[in-house]
Amino acid sequence: CLLLVASFYQPSITTKLYLRTPFYRFPYEFASGFRRSWWFLILLSILVMIGDGVGNFNLALVAVALIYLTLLSYYSQPEPIYFVMIHARSPSQFLKIKCKTALLYSNILMTPLLVSIAACFPTNWLIVLAAALIGNLVMLAAVFSKYSNFPHGNDAMSTLFLGIAIPFPPLLLFILPYLATRAHSKLSEYL
């Protein structure tokens, strides 16, 4: 009898968890990506702090690299076409805004971690600075790669370029202009 009554009972309290993010102003890549991977970013941030605490620079640097790779994954899926078409901008203005947003939000996440690594390992500050610079350039390459085959998402060529550029960062000087011109020409059809 109690099971029959309990089967008709519906609680009035809903238990949905809403995770507010600091990325509300430009709400596509970072907002949706952060909601998918916030727990992983916290674990990697803890790993950076552990590396700082035990004096293991390599551990902290690998955790930073993994965070940058996580941020790159935010740019792997294209947004719906109407999210692009609602912008009343030229393709170059659109790409500039997307690049500024990617750099701003990635630096919001990374600056405290990079500063803590540089503070704990002052002799390696140049390596930390280089990691930040390479991470920002790879973020730009991810933005251009996302829109270089718009609306179909990343193609094999741009993914290959990103895969080559991550271990060999000087190639970014050649890959970035190529991806930027491809992204500009693809977006000109929609903007």
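## Fold

Helices here are DSSP runs of H or I with at least four residues, numbered from the N terminus. The model is predicted. By this count the protein has eight helices and zero strands. Read from the N terminus, the order of elements is α-α-α-α-α-α-α-α. The protein has 191 residues, and 38% of them count as buried.

## Helix 2 and the nonpolar patch

Helix 2 covers residues 29-54, and Trp-39 sits in it. The relative accessible area of Trp-39 is 48%. Partly exposed is the class between 20% and 50%, so Trp-39 falls there.

Trp-39 is also one of the residues behind a nonpolar surface patch. The other contributors are Trp-38, Ile-42, Leu-43, Ile-46, Met-49, Ile-50 and Val-54. Together with Trp-39 they make a patch of about 800 Å².

## Helix 5 and its bend

Helix 5 runs over residues 91-120 and has 30 residues. From first C-alpha to last it reaches 42 Å. That is close to the 44 Å expected at 1.5 Å a residue.

Where does helix 5 bend? The bend is at Met-110 and comes to about 40°. A proline, Pro-112, follows within four residues.

## The nonpolar core

In soluble globular proteins, nonpolar side chains tend to be buried together. In this model, the largest nonpolar core has 45 residues. The residues with the most contacts inside the core are Tyr-68, Leu-71, Tyr-75, Ile-117, Met-139 and Tyr-147.

Which helices each supply at least two residues of this core? They are helix 2, helix 3 (57-73), helix 5, helix 6 (125-147), helix 7 (156-165) and helix 8 (172-187). Helix 6 gives the most, with 10 residues.

## Two residues of helix 6

Is Val-143 buried or exposed? Val-143 belongs to helix 6. Its relative accessibility is 0%. The cut-off for buried is under 20%, so Val-143 counts as buried. Val-143 and Glu-29 are 114 residues apart along the chain. Their C-alpha atoms are separated by 10.0 Å.

Trp-125 is in helix 6 too. Trp-125 has 48% relative accessibility. This value is not under 20% and not over 50%, so Trp-125 counts as partly exposed. Trp-125 and Leu-114 are 11 residues apart in sequence. In space they are 9.2 Å apart, C-alpha to C-alpha.

Methods: Residues are numbered from 1 along each chain as its sequence is written. This is a predicted model: local features need pLDDT of at least 70, side-chain atom pairs count only at pLDDT 80 or more; totals for chains, interfaces and linings use all residues. Side-chain values use heavy atoms; hydrogens and water are left out. Patches are made of residues with over 30% relative accessible area and no salt bridge: like charges are joined within 9 Å, nonpolar side chains (Val, Leu, Ile, Met, Phe, Trp, Tyr) within 5 Å. Accessible areas come from the Shrake-Rupley method with a 1.4 Å probe; for residues, only the protein chains shown count as cover. A salt bridge is a side-chain nitrogen of Lys or Arg within 4 Å of a carboxyl oxygen of Asp or Glu. Buried means under 20% relative accessible area, exposed over 50%, partly exposed in between (1.4 Å probe, protein chains only). The expected span of a helix is 1.5 Å times one less than its number of residues. The bend at a residue is the angle between axes fitted to the seven residues ending there and the seven starting there. A nonpolar core is a set of buried Ala, Val, Leu, Ile, Met, Phe, Trp, Tyr and Cys residues joined through side-chain atoms within 4.5 Å.
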